[in-house]
Amino acid sequence: MEEINKMFGTVVVGVGIAGLARIRDLMNPMPSSPSEHLKLLGFVSRRSFGSINEAKQISLEDALRSREIHAAFISTENRSHEETIRMFLEAGKHVLVEYPMALSAKAAHELWEMAEQKDKVLHVEHIELLTEEYKQLKKEVAGKDLVKGTLHFTGSVLDEKKAGFPAFSGIARLTWLIDLFGDLTVTSATREEQKDKNYSRMTVHFQTANKKPLTWIEERGPGMRREKKINFCFTSGCLENFPQAPRSAVGLFMQDQNLFAKKLLGQVSKEELAAEKWRILRCLDLAETIQQHCEQPEKICS
């Protein structure tokens with residue numbers, strides 16, 4: 001158990017939307033929360049800012065070398081997560097990374113192994129599990145017998161070179177399905193693209209452990225509203241709308257940051273850590289299987 005007054009020097013790497021939220025939350029931790037044990041010592045960016053709200057810009061080399069920095073928050077584009085995690089783990093730092101932690105299952109397993117060998121915390125942000133909307137949905141689904149279900153996500157265009165294949169960039173949806181319905185196997189997956197229109201639609205069919213069908217659709221195109229539609233049918237009836245949920249008093253990134261700080265302080269049980277590791281790696285394994293299915297040449301049916 002870490003001593004209670006221990007402070008962890010942190011650096012934020014990448015200052016897009018998530019990185020800026022991280023800087024804000026590290027500078028204004030929730031009173032008497034685990035986050036008070038995190039001290040922001042600077043941020044790293046390819047662009048030059050000088051400073052952002054008192055936080056000063058430092059070089060990647062200095063961040064890796066500094067003995068004051070114990071942990072890195074990695075908020076770069078998806079494509080560079082793997083390499084950045086590897087550098088900070090090799091430098092002996094704890095790591096918090098935005099999802100997806102990597103764009104291949106093999107890399108994810110290797111990085112996790114590396115963190116364990118070095119006895120460092122590797123924490124992957126999955127704020128989609130922390131929303132009030134999701135918490136209510138989970139309560140609603142608990143104890144019911146699934147007959148079949150669909151989760152359909154729409155959103156604006158993503159640059160795939162930076163964000164990765166849709167099964168990885170959209171892994172938050174996969175995380176929901178696994179967390180709600182347990183382990184899944186992929187029965188088929190296809191993808192329709194209209195490159196000239198910047199349109200993409202990925203359709204994945206799963207089976208639950210009880211052989212019930214689940215469908216995940218990830219659809220992106222210009223001007224598409226960001227929204228999720230559900231249709232989960234149970235033996236007791238169908239759920240087609242999200243249950244009403246209050247707004248959370250604590251921001252999602254702050255909740256996630258508190259969880260990371262709890263891990264650094266040794267306050268999360270081995271069971272919870274093991275379940276989380278299984279879920280994260282399982283979702284990445286499935287994302288890779290989905291990508292392989294989608295990229296197979298079409299089989300001609302005679």
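Accessible areas here come from the Shrake-Rupley method with a 1.4 Å probe. The model treated in these exercises is predicted.

**Exercise 1.** Describe the surface and burial of the chain.

*Solution.* Begin with the accessible surface, which comes to about 15,600 Å² for the chain. Carbon and sulfur atoms hold 50% of that area. Next take burial, with the cut-off at under 20% relative accessible area. By that cut-off, 49% of the 302 residues are buried.

**Exercise 2.** Compare the radius of gyration of the chain with the value for a compact globule.

*Solution.* For 302 residues, a compact globule would have a radius of gyration near 19 Å. The chain has 20 Å, so the value agrees with that of the globule. Then add the extents: along the principal axes, the C-alpha trace spans about 65 × 45 × 40 Å.

**Exercise 3.** State how many helices and strands the chain has, and what share of its contacts joins residues 24 or more positions apart.

*Solution.* The chain holds ten helices and 13 strands. Among contacts with a separation of 6 or more, 72% are between residues 24 or more positions apart.

**Exercise 4.** Analyse the packing of helix α5 against helix α8.

*Solution.* Locate the elements first: α5 covers residues 132–141 and α8 covers residues 171–181. Their axes come within 10 Å and cross at roughly 35°. The crossing of α5 past α8 is right-handed. Now list the residues in contact: α5 supplies Glu133, Tyr134, Leu137, Lys138 and Val141, while α8 supplies Trp176, Asp179, Leu180 and Phe181. Finally, sort these by type: six are nonpolar, three are charged and none is polar.

Definitions and conventions: Residues are numbered from 1 along each chain as its sequence is written. This is a predicted model: local features need pLDDT of at least 70, side-chain atom pairs count only at pLDDT 80 or more; totals for chains, interfaces and linings use all residues. Side-chain values use heavy atoms; hydrogens and water are left out. Axes are lines fitted to C-alpha atoms, for helices over the stretch in contact, and angles run from 0 to 180 degrees between N-to-C directions. Helices (H or I, at least four residues) and strands (E, at least two) are DSSP runs, numbered from the N terminus. A crossing is left-handed if the near helix is turned anticlockwise from the far one by less than a right angle, and right-handed if clockwise. Contact means heavy atoms within 4.5 Å. Ala, Val, Leu, Ile, Met, Phe, Trp, Tyr, Cys and Pro count as nonpolar, Asp, Glu, Lys and Arg as charged, and the others, Gly among them, as polar. The radius of gyration is taken over C-alpha atoms; the globule rule is 2.2 Å times the number of residues to the power 0.38. Buried means under 20% relative accessible area, exposed over 50%, partly exposed in between (1.4 Å probe, protein chains only).
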